[in-house]
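Hi there,

Here is the structure I promised to pass on. Please have a look at it first, and then read on for my notes.

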Amino acid sequence: MTITGPQGFRAAGVAAGIKASGALDLTLVVNDGPLDVAAGVFTRNVIKAAPVLWSQEVLKQRRLKAVVLNSGGANAATGPGGFQDTHATAEKVAEVLGTGAIEVAVCSTGLIGERLPMAAVLSGVDTAAKALEASPQASLNAATGVMTTDTKPKQAYAKHESGWSVGGFAKGAGMLAPNLATMLSVLTTDAVVSQDVLDRALRAATEVTYDRLDVDGGTSTNDTVLVLASGASGAEPSEAELTEVLTTVALDLVLQLRADSEGATKDVDVVVRGAVTKEDAVAVARVVAEDNLVKTALFGSDPNWGRIAMALGRAPATIDPEKVAIAINGVTLFAHGTTAEDRSAADLSGRAIEIVIDLGVGDHTATVYTTDLSHGYVEENSAYSS
């Protein structure tokens with residue numbers, strides 16, 4: 001079990017009829033307590049989907065009893081009517097669970113700009129409520145119900161030696177360039193934790209996981225990461241312990257998202273060392289990760305360090321060209337302002353690629369997780385609306 005692995009949680013994923021295909025398209029996750037502590041991080045895109053606006057508001061209390069998620073429609077850029085649809089969804093979940101709408105978060109994913117088929121959504125909530133359980137199949141169905149162009153569900157789970165655990169799922173295959181959060185992800189824990197500690201732990205975990213996945217430079221209108229704590233294990237970890245396990249689960253999900261991202265044939269880690277600040281390290285790593293010339297070279301298994309040098313040179317960071325070194329898959333190809341090794345020495349024939357950039361001007365590091373840019377990505381994103 002993953003999302004229902006921690007004690008105190010039930011979940012369901014059902015086919016509500018939102019998708020014409022009849023696939024699973026509505027997910028419900030319920031926290032049975034005894035605690036109802038929650039935290040969330042959301043997209044910084046100015047054009048926020050109605051569910052993001054709703055969930056940001058309810059999370060001000062840092063309490064949640066449930067999360068309802070749908071695929072098949074983003075409910076973004078849908079005006080006041082779209083917000084009313086989100087409110088009605090939360091009200092419906094509250095009705096079937098016997099709680100308040102202010103304790104229900106809502107997430108949506110799919111095509112931007114169209115209203116949801118609310119009759120299907122609301123009847124789907126009834127169906128999901130009847131299917132709620134804590135089981136491996138319920139966890140899998142919940143993870144599957146949020147998929148759009150994903151080819152497989154993404155789940156993760158980790159248990160601490162003192163008995164408490166963290167589980168979760170995530171979805172996302174394109175429009176992945178987070179700015180605080182990425183796509184949709186729900187995490188659960190049965191740890192006993194305060195609101196402030198849970199919020200800080202989530203933000204710390206997000207900063208080095210979800211916020212470091214950058215497939216295509218597109219920050220979604222719907223990005224949401226939520227964590228719910230039931231306290232059902234009775235164990236109270238330290239903030240450091242909670243952050244560590246949350247980070248472990250989040251990174252597992254991020255790497256699954258990357259591996260299943262649209263058209264990807266390479267899993268690329270862009271590691272920056274020796275930066276003056278952490279912000280500089282992230283900026284350099286991100287500009288390299290997003291550069292189309294770098295990404296297409298990687299698709300061709302070409303260790304073209306010149307494109308990497310070009311990209312990092314335009315990053316908003318402190319850079320001394322004479323101190324920069326660039327290594328690909330363990331081979332330093334550029335150092336001290338010139339060629340260090342023939343590029344053919346770097347083998348990019350496999351799926352895993354590590355680009356290490358040492359700026360040589362400080363002590364800070366950062367890693368951004370990305371992919372190549374393939375024919376498959378272009379073909380998939382030109383063939384349908386997303």
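Four strands form an open sheet in this predicted model, and their order is β1-β2-β4-β5, with mixed pairing. At the edges lie β1 (9–14) and β5 (104–109), each of which pairs on one side only. On average, neighbouring strands of the sheet are turned by 10 degrees against each other, direction ignored.

Within that sheet, β2 (residues 26–31) and β4 (residues 66–71) run antiparallel and are joined by five bridges. If you want a spot to zoom in on, Leu28 stands opposite Val68 in β4.

Two helices pack on the sheet. One is α2 (residues 79–97), which touches β2, β4 and β5; the direction of α2 makes about 130 degrees with that of β5. The other is α3 (residues 118–131), in touch with β1, β2 and β4, and here the angle between the directions of α3 and β1 is about 135 degrees.

Further along the chain, I also looked at α7 (residues 278–290). This helix of 13 residues reaches 18 Å from its first C-alpha to its last, close to the 18 Å expected at 1.5 Å a residue. Helix α7 is mostly covered, with ten of its 13 residues buried. Among the buried ones are Asp280 and Arg286, along with Val282, Val284, Val287 and Val288. What do the buried residues of α7 pack against? Their partners are the strands β10 (267–275), β14 (352–358) and β15 (364–371), plus the helices α8 (292–299) and α9 (305–312).

Happy browsing, and all the best!

Definitions and conventions. Residues are numbered from 1 along each chain as its sequence is written. This is a predicted model: local features need pLDDT of at least 70, side-chain atom pairs count only at pLDDT 80 or more; totals for chains, interfaces and linings use all residues. Side-chain values use heavy atoms; hydrogens and water are left out. Two strands pair if DSSP finds at least two bridges between them. Axes are lines fitted to C-alpha atoms, for helices over the stretch in contact, and angles run from 0 to 180 degrees between N-to-C directions. Contact means heavy atoms within 4.5 Å. The expected span of a helix is 1.5 Å times one less than its number of residues. Buried means under 20% relative accessible area, exposed over 50%, partly exposed in between (1.4 Å probe, protein chains only).
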